[in-house]
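Welcome, and thanks for taking a look at this one. Below is a short tour, with the strands, helices, charged pairs and nonpolar residues taken in turn.

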Amino acid sequence: MNKECLQKTLSLSDSKINLLESFMDDVLLANEKFNLTAITDKEDFREKMIYDSAIILNDFDFTNRKIIDIGTGAGFPGMVIRMLVDNVDISLLDSTSKKINFLKEIGAKYDLNCKFYISRAEELSRNNREVFDVVTARAVSSLNTLLELSMPLLKVGGCLLAFKGPSVQAEINDCKEAFKKLNCEVEKCFNYTLPNSKEIRNILLIRKNDITNKKYPRDYAEILRKPL
């Protein structure tokens, strides 16, 4: 995907596409020092990192919402969303300090008002229960694990946007107990096909219907040992 195609497909202004192009260059330059992404070809990067993060904006309005992107890595989708949505309160969470420190530099460089956390989601939720409108998570663990990590962070009525690949239905089928215990349900599934590679993407919108029991989330080792 070239720059012109990305701009046209996402209906971006010149200033927004130039911002994303600069961000891509920043990520690829930092990638030479430490691992941020396995995708280093610019055309692939535009499609599988930027477009893949931004396409949800066609179907979901982030304006004036309080969002946390868990397992943000190099800022996908969280930093991309922040660059494209002006009025949004967004926090970027990752357990790797190098990644968050990189994103802090990006935030300062482009004068983006973001919050940053070097932490695990289950640790952050101990002091930040039910404060966010939206949790985003791209390529973060299995769905039943992700539900337990994200639901305690969400307000009642808030939602998780889980960025998944083609086998999403199998993950949903494995989560019947998790949905019940965590008081949430799949409200919608947005389906996309990447324009060049034709890879299938699914983004689940999972709504939180009631307060999360305080015993969740458990310690991460317990979550992995005995998933809901």
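A good place to start in this predicted model is strand β5: eight of its eleven residues are buried, so β5 is largely enclosed by the rest of the structure. On one side, β5 pairs with β4 in the parallel sense, over six bridges. Within that pairing, T136 has L161 of β5 as its bridge partner. Between these two strands the chain passes through α7, and the resulting β-α-β crossover from β4 to β5 is right-handed.

β5, which spans residues 154-164, also pairs with β7, residues 200-208, this time in the antiparallel sense and again over six bridges. Two positions help you find the register: A162 has L204 of β7 as its bridge partner, and C159 stands opposite R207 in β7. As a reminder, strands of a sheet pair through backbone hydrogen bonds, either parallel or antiparallel.

**The whole sheet**

Stepping back, these strands belong to an open sheet of seven, ordered β3-β2-β1-β4-β5-β7-β6, and the pairing is mixed. The edges are taken by β3 (114-118) and β6 (184-193); each has a single partner strand, so one side of each is left without a neighbour in the sheet. On average, neighbouring strands of the sheet are turned by 20° against each other, direction ignored.

Two helices are worth following against this sheet. Helix α5, residues 97-109, packs on the sheet and touches β2 (89-94) and β3, with its direction at about 165° to that of β3. Helix α7, residues 143-150, lies across β1 (66-70), β4 (132-138), β5, β6 and β7, and runs at about 150° to β5.

How many of the eight residues of α7 are buried? Eight of the eight are, so α7 is largely enclosed by the rest of the structure. The buried residues of α7 include polar and charged names you may want to look at, among them N144, T145, E148 and S150; L143, L146, L147 and L149 are buried there too.

**Charged pairs**

A search of the whole structure finds 19 salt bridges. Here are three of them, with the distance between nitrogen and oxygen.

| Basic residue | Acidic residue | N to O distance |
|---|---|---|
| R138 | D52 | 3.0 Å |
| K155 | D133 | 3.1 Å |
| R201 | E199 | 3.0 Å |

The R138 and D52 pair links distant parts of the chain: R138 sits in strand β4 and D52 in helix α3 (residues 42-54), 86 residues apart. Both R138 and D52 are buried.

The pair of K155 and D133 also links distant parts of the chain, with K155 in strand β5, D133 in strand β4, and their positions 22 residues apart. K155 is partly exposed, at a relative accessible area of 33%.

What about the third pair? R201 counts as buried, with 17% relative accessibility, while E199 counts as partly exposed at 28%; the cut-off for buried is under 20%. Through shared partners, salt bridges join K48, D52, R138, E199 and R201 into one network, and this network therefore holds R138 and D52, whose closest N and O atoms are 3.0 Å apart.

**Nonpolar cores**

Which residues have the most contacts inside the largest nonpolar core? They are F23, I56, F62, F76, M79, M83 and L161, in a core of 50 residues. Helix α2 (residues 14-31) supplies the largest share of this core, eight residues. A second, separate core has 30 residues and includes F132, A137, V140 and L154.

I56 makes a handy probe of its surroundings. Leaving aside its neighbours within four places in sequence, I56 is in contact with F62, L161, F163, F190, Y192 and I203. L161 thus brings two views together: it is a residue with the most contacts inside the largest core, and it is the bridge partner of T136.

**A last stop in the first helix**

Finally, have a look at Q7, found in helix α1 (residues 3-10). Is Q7 buried or exposed? Q7 is buried, with a relative accessible area of 18%. Not counting residues up to four places away in sequence, Q7 touches L12, S13, D14 and I17.

Conventions
Residues numbered from 1 in each chain as written. Predicted model: local features only at pLDDT ≥ 70, side-chain atom pairs only at ≥ 80, totals over all residues. Heavy atoms only, no water. Pairing = 2+ DSSP bridges. Helix = DSSP H or I, 4+ residues; strand = E, 2+ residues; numbered from the N terminus. Axes fitted to C-alpha atoms, helices over the stretch in contact; angles between N-to-C directions. Contact = heavy atoms within 4.5 Å. Buried < 20%, exposed > 50% of the residue type's maximum accessible area, 1.4 Å probe, protein only. Right-handed = clockwise from strand over helix to strand, strands pointing away. Salt bridge = Lys/Arg side-chain N within 4 Å of Asp/Glu carboxyl O. Core = buried A, V, L, I, M, F, W, Y, C linked by side-chain atoms within 4.5 Å.
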